[in-house]
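Student: Please take a close look at a single loop of this model, and then relate that part to the rest of the chain. I would like the criteria behind each term to be stated as it arises.

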Amino acid sequence: MNKLLFPLLFLFSFTSYFSFAVPAEGDTLTSYLGKNRQGDAVSITEMHGKVIVVSFWATWCPYCIKELSALEKIQRQISKDKLDVVAVNFKESRKVFSNIKRKLKGFAITITHDKRGTIGKEFDVSGLPHMLIIDKNGTLKHIHKGYSEKSLPKLIEQINHLLVST
């Protein structure tokens, strides 16, 4: 029995050492979100003091494209000093990302790339679109999975609430 117990304990401690907790609403985030169009690193820590909306998306996802369009309109209405929308292209090739980056050149939102899905894995992204709303202190306030035009008023209300709170 003892011979079996030691290897099991070792295996358990080894796997839990390398596992990570998926962020939940109320957690403070400091995560890296990829590089922007200019090649600069984008992280939640650097956007401290702003409300942050992070959306994981892909070009093949029609709901993602609708959500990006809505987020672009929101970003254009609210200054980047107060709100930063980060659209993380999820698990698409460098070529696809380069093409979409050119097409979205005039967009006000920040666009980054997560080719291997490592950034998305940190946030338990398993379906698209997947959105996080983070307050000015870096605290995860809301998680939205999927997209519906019916959910837009609630999304706008959540963002506005965080913009006016201290």
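Tutor: Pro129 lies in the loop that runs between helix H4 and strand E6; helices (H or I, at least four residues) and strands (E, at least two) are DSSP runs, numbered from the N terminus. The model is predicted, so local features are taken only at pLDDT of at least 70 and side-chain atom pairs only at pLDDT 80 or more, while totals for chains, interfaces and linings use all residues. Residues are numbered from 1 along each chain as its sequence is written, and side-chain values use heavy atoms, with hydrogens and water left out.

The peptide bond from Leu128 to Pro129 is cis, with an omega near -10°. Asp124 belongs to the loop between H4 and E6 as well, and its phi is positive, near 60°, although the residue is other than glycine. As general background, most peptide bonds are trans, and most residues other than glycine have a negative phi. Asp124 has 37% relative accessibility and therefore counts as partly exposed; buried means under 20% relative accessible area, exposed over 50%, and partly exposed in between, with a 1.4 Å probe and protein chains only.

Another residue of this loop, Phe123, takes part in ring packing, for which a definition is needed. Rings of Phe, Tyr and Trp (its six-membered ring) pair if their centres lie within 6.5 Å; planes under 30 degrees apart count as stacked, over 60 as edge-to-face and the rest as tilted. By this rule there are two aromatic pairs. In one of them, Phe56 and Phe90 meet edge-to-face, 6.0 Å from centre to centre and with 85° between the planes. Phe56 lies in strand E3 (residues 51-57) and Phe90 in strand E4 (residues 83-90), so this pair ties together parts that are 34 residues apart in sequence. Phe56 is buried at a relative accessible area of 0%, and Phe90 counts as buried at 8%.

Phe56 also pairs with Phe123, here in a tilted arrangement with 5.8 Å between centres and 50° between planes. This pair brings the loop into the picture: Phe56 is in strand E3, and Phe123 is in the loop between helix H4 (118-122) and strand E6 (130-134), 67 residues apart. Phe56 and Phe123 are both buried. Ring pairs thus link Phe56, Phe90 and Phe123 into a cluster.

Directly after Phe90 in numbering comes the loop between E4 and H3, where Lys91 is placed. Lys91 has a positive phi of about 55° although it is not a glycine. Its relative accessibility of 51% is why Lys91 counts as exposed.

H4 also helps to line the largest pocket, as do strand E1 (32-35), helix H3 (94-103) and strand E5 (110-114), each supplying at least two lining residues. On a 1 Å grid over the protein atoms alone, a pocket is an open set of points with protein on both sides within 12 Å along at least five of seven lines, and lining residues have an atom within 4 Å of a point. The largest pocket holds about 240 Å³ of space, the volume being that filled by probe spheres set on grid points joined across faces, edges and corners. Among its 15 lining residues, Tyr32, Gly34, Lys35, Arg94 and His113 are the closest to its centre.

The loop after E1 leads on to strand E2 (41-43) and contains Asn36. Asn36 is buried, with a relative accessible area of 18%, and touches Val42, Thr110, Ile111 and Thr112, leaving aside residues up to four places away in sequence; contact means heavy atoms within 4.5 Å. Gly39 is also in the loop between E1 and E2, and at 39% relative accessibility it counts as partly exposed.

For the whole protein, five helices and seven strands are assigned. Mean pLDDT, the predictor's confidence in each residue from 0 to 100, is 89, and 87% of the residues reach 70 or more. Over residues 4-19, however, pLDDT stays under 50. Where pLDDT is low, the predicted coordinates should not be read in detail.

Key
On a 1 Å grid over the protein atoms alone, a cavity is a set of points where a 1.4 Å probe fits but cannot get out, and a pocket is an open set with protein on both sides within 12 Å along at least five of seven lines; lining residues have an atom within 4 Å of a point.
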